[in-house]
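Notebook open, looking up how the helices pack and where the pockets sit. Here is the model I worked from.

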Amino acid sequence: MLKPTEKIWRNGEFIRWDEATIHVLSHVVSYGSSVFEGIRCYATQNGPAIFRLQEHMRRLIDSAYIYRMKLPYTPAQLAQAMVELVQVNNMQSCYIRPIVLRGYSELGVYGMKNPTDIYAACWEWGKYLGEAAMADGVDVCVSSWSRLAPNTLPSMAKAGANYMNSQLIKMEAVANGYSEGIALDTSGYVSEGSGENIFLVRDGKIITPPLGASVLPGITRDTVLKLAARLSIPVVESLVPREMLYIADEVFFSGTAAEITPIRSVDKIQIGIGRRGPIAEALQREFFAVVEGRAADEFGWLTPVPVAAHVG
């Protein structure tokens, strides 16, 4: 269960958590017409800071643009709203969920005449795949469900409708005793998890599927690529055959919710040493040092949340 916070941002103003409701006949309910983001705010030594806020706002606007949703806010204005959301709820660390949706007006597939509403909420959320998973790793399976085919739904948009596919992947995995599923693209190559990008390690080199394999351009994915370069770990973006998962030295997920989570087995086949490997551990160490404010933020990834008397 979500633990409610005090306020939610809606179309430029703060409202009470329980007031953030929509009509059952809003366009989004019938047709899945929403785009959203998942963002983490971390408790650092200098107070709360939001991780890669500008990049998340840009992707939110890009996703809306793909679906012809016009937003009356600039990326900077939306970013400021996220900062104020954390302030008004007096959060030290939290998960932030901005969502853009087609609201209540007409009902029919064509939703361009419906209003576009923007909400943003925040709440406490721990490790997505469990605290122990960060070191021990998780057991996953290759899903029988493929990722979205090209020219069907745009994979580069973080759209609510895309996550119906994710739900099928996740439900199948959990029903069969796994923590998560890995989907292949329609050509049979490794794509991503239900809500995470994926990386393999072989002979000291990181391999990750390209965006053309129906992959969401993950913000944490990009973070891993940049941290790997800083650590002088070679990275290749390449099509990944399914069997590469089994013979990899390491496999791990990345994502805002999952952060950097090792995979210890795929389809009940042990990966490497059967727990977190040295490259995943090194990347975790670098990642958490930055987001917790223990290392220099040389990339400018953290947006501090100033202490405020009251906002909104």
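At what angle do helix 6 and helix 8 pack? I get about 110 degrees for helix 6 (residues 219-230) against helix 8 (residues 278-291), with the axes 10 Å apart. Axes are lines fitted to C-alpha atoms over the stretch in contact, and angles run from 0 to 180 degrees between N-to-C directions. So helix 6 is roughly perpendicular to helix 8 (65 to 115 degrees).

Source notes: this is a predicted model, with local features needing pLDDT of at least 70 and side-chain atom pairs pLDDT 80 or more, while totals for chains, interfaces and linings use all residues. Numbering runs from 1 along each chain as its sequence is written, and side-chain values use heavy atoms, without hydrogens or water.

Next I listed contacts (heavy atoms within 4.5 Å). On the helix 6 side I noted Thr 220, Thr 223, Val 224, Leu 227, Ala 228 and Arg 230; they meet Leu 283, Glu 286, Phe 287 and Val 290 of helix 8.

Then I turned to pockets. A pocket is an open set of points on a 1 Å grid where a 1.4 Å probe fits, with protein on both sides within 12 Å along at least five of seven lines; lining residues have an atom within 4 Å of a point. The largest holds about 850 Å³, the space filled by probe spheres set on the points. I count 39 lining residues there, with Phe 36, Arg 97, Lys 158, Tyr 163 and Gly 195 closest to the centre. Helix 5 gives the most to that lining, 5 residues.

The second largest pocket has about 350 Å³. Its lining has 17 residues, and His 27, Ser 33, Tyr 67, Arg 102 and Val 109 lie nearest the centre.

Notes:
Helices (H or I, at least four residues) and strands (E, at least two) are DSSP runs, numbered from the N terminus. Angles under 35 degrees count as roughly parallel, over 145 as roughly antiparallel, 65 to 115 as roughly perpendicular and the rest as oblique.
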